[in-house]
Amino acid sequence: MEDELNGVVPCSSLAVESTIRVGTAGALWGLCMGPYNSRKNGLSGVDHAAFVAKSVGKYGFQCGLVAGVFTLTHCGIQRYRRKNDWLNGLIAGAVAGAAIATRTRSWSQVGGMAALVSAFSAAAEYSRSL
């Protein structure tokens, strides 16, 4: 079904949809991990609530950003190449992985994360085509 939508729905719409879905999942993850990490750090009261709120925003934003970048890149490459194969996932994974690691400002970490996410994305795309 996803392949049928890729030809009709604009890439920007697919990117927004995946950003909202995965961003929501990331926010829920932050809502689960925030209280645990807050207690682990010995926070209570207002500091605990602020830490949880920051965790929700942080995880939601990061997950949504990665999903949006990956989906937009994957869709754009697929439309440009007019092929739906593992190479689209490889390139989109590299771009999304680099987007994750840019905050570190370390080229070795950017390259490593791009390679890691790229490999997993290509493997997932290849396994779907079998």
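Me: In this predicted model, does Ser 118 count as buried or exposed, and at what relative accessibility?
Reply: Happy to start there. Ser 118 has its place in helix H5. Leaving aside residues up to four places away in sequence, Ser 118 touches Gly 89, Leu 90, Gly 93 and Ala 94. Buried means under 20% relative accessible area, so the label for Ser 118 is buried, at 7%.

Me: What is the relative accessible area of Tyr 126, and which label goes with that value?
Reply: Tyr 126 lies in helix H5. The C-alpha atoms of Tyr 126 and Leu 90 are separated by 9.7 Å, with their positions 36 residues apart along the chain. The cut-offs are under 20% for buried and over 50% for exposed, so Tyr 126, at 47%, is partly exposed.

Me: Staying with H5, which residues does Met 113 touch, not counting residues up to four places away in sequence?
Reply: Good one to look at on screen. Met 113 is placed in helix H5, residues 107-129, and counts as partly exposed at 28% relative accessibility. From C-alpha to C-alpha, Met 113 and Gly 97 are 5.1 Å apart in space and 16 residues apart in sequence. With residues up to four places away set aside, the residues that Met 113 touches are Gly 97, Ile 100 and Ala 101.

Me: How many helices and how many strands does the protein chain have?
Reply: Let's step back to the whole chain. Read along the sequence, the pattern is α-α-α-α-α. The count for the protein chain is therefore 5 helices and 0 strands.

Me: What share of the contacts with a separation of 6 or more comes from residues 24 or more positions apart?
Reply: Some context on the overall chain may help. The C-alpha atoms fill a box of roughly 55 × 35 × 25 Å along the principal axes, and 29% of the 130 residues count as buried. The accessible surface comes to about 8400 Å², with 67% of that belonging to carbon and sulfur atoms. As for contacts with a separation of 6 or more, the share from residues 24 or more positions apart is 61%.

Me: Which cysteines form the disulfide?
Reply: A search of the whole structure finds 1 disulfide. A pair of cysteine sulfur atoms within 2.5 Å counts as a disulfide, and here the sulfur atoms are 2.1 Å apart. The pair links distant parts of the chain, 64 residues apart, from helix H2 (residues 11-40) to helix H3. The two partners are Cys 11 and Cys 75.

Me: What is the handedness of the link between Cys 11 and Cys 75?
Reply: Both partners are on the covered side of the accessibility scale: Cys 11 counts as buried at 12%, and Cys 75 counts as buried at 3%. The angle about the S-S bond is -75°. The link of Cys 11 and Cys 75 is left-handed.

Me: Why is the sulfur of Cys 32 not bonded to that of Cys 63, and how far is it from that sulfur?
Reply: Cys 32 counts as exposed at 55% relative accessibility, while Cys 63 is partly exposed at 27%. For Cys 32, the closest cysteine sulfur is the one in Cys 63, and for Cys 63 the closest is the one in Cys 32. That separation is too far for a bond, because a disulfide needs sulfur atoms within 2.5 Å and this distance is 12 Å.

Me: Which helix gives the most to the lining of the second largest pocket?
Reply: This pocket has a volume of about 150 Å³, and its lining includes Phe 61, Cys 63, Ile 100 and Arg 103. The lining residues divide into 6 nonpolar, 2 polar and 1 charged. H3 and helix H4 (86-101) each supply at least two of them. With 5 residues, the helix that gives the most is H3.

Me: Which residues does Thr 73 touch, not counting residues up to four places away in sequence?
Reply: Thr 73 is found in helix H3, residues 46-81. Its relative accessible area is 17%, so Thr 73 is buried. Beyond residues up to four places away in sequence, Thr 73 touches Ala 92 and Val 95.

Note on methods
Residues are numbered from 1 along each chain as its sequence is written. This is a predicted model: local features need pLDDT of at least 70, side-chain atom pairs count only at pLDDT 80 or more; totals for chains, interfaces and linings use all residues. Side-chain values use heavy atoms; hydrogens and water are left out. Helices (H or I, at least four residues) and strands (E, at least two) are DSSP runs, numbered from the N terminus. Buried means under 20% relative accessible area, exposed over 50%, partly exposed in between (1.4 Å probe, protein chains only). Contact means heavy atoms within 4.5 Å. On a 1 Å grid over the protein atoms alone, a cavity is a set of points where a 1.4 Å probe fits but cannot get out, and a pocket is an open set with protein on both sides within 12 Å along at least five of seven lines; lining residues have an atom within 4 Å of a point. Grid points are joined across faces, edges and corners, and a volume is the space filled by probe spheres set on the points. Ala, Val, Leu, Ile, Met, Phe, Trp, Tyr, Cys and Pro count as nonpolar, Asp, Glu, Lys and Arg as charged, and the others, Gly among them, as polar. Accessible areas come from the Shrake-Rupley method with a 1.4 Å probe; for residues, only the protein chains shown count as cover.
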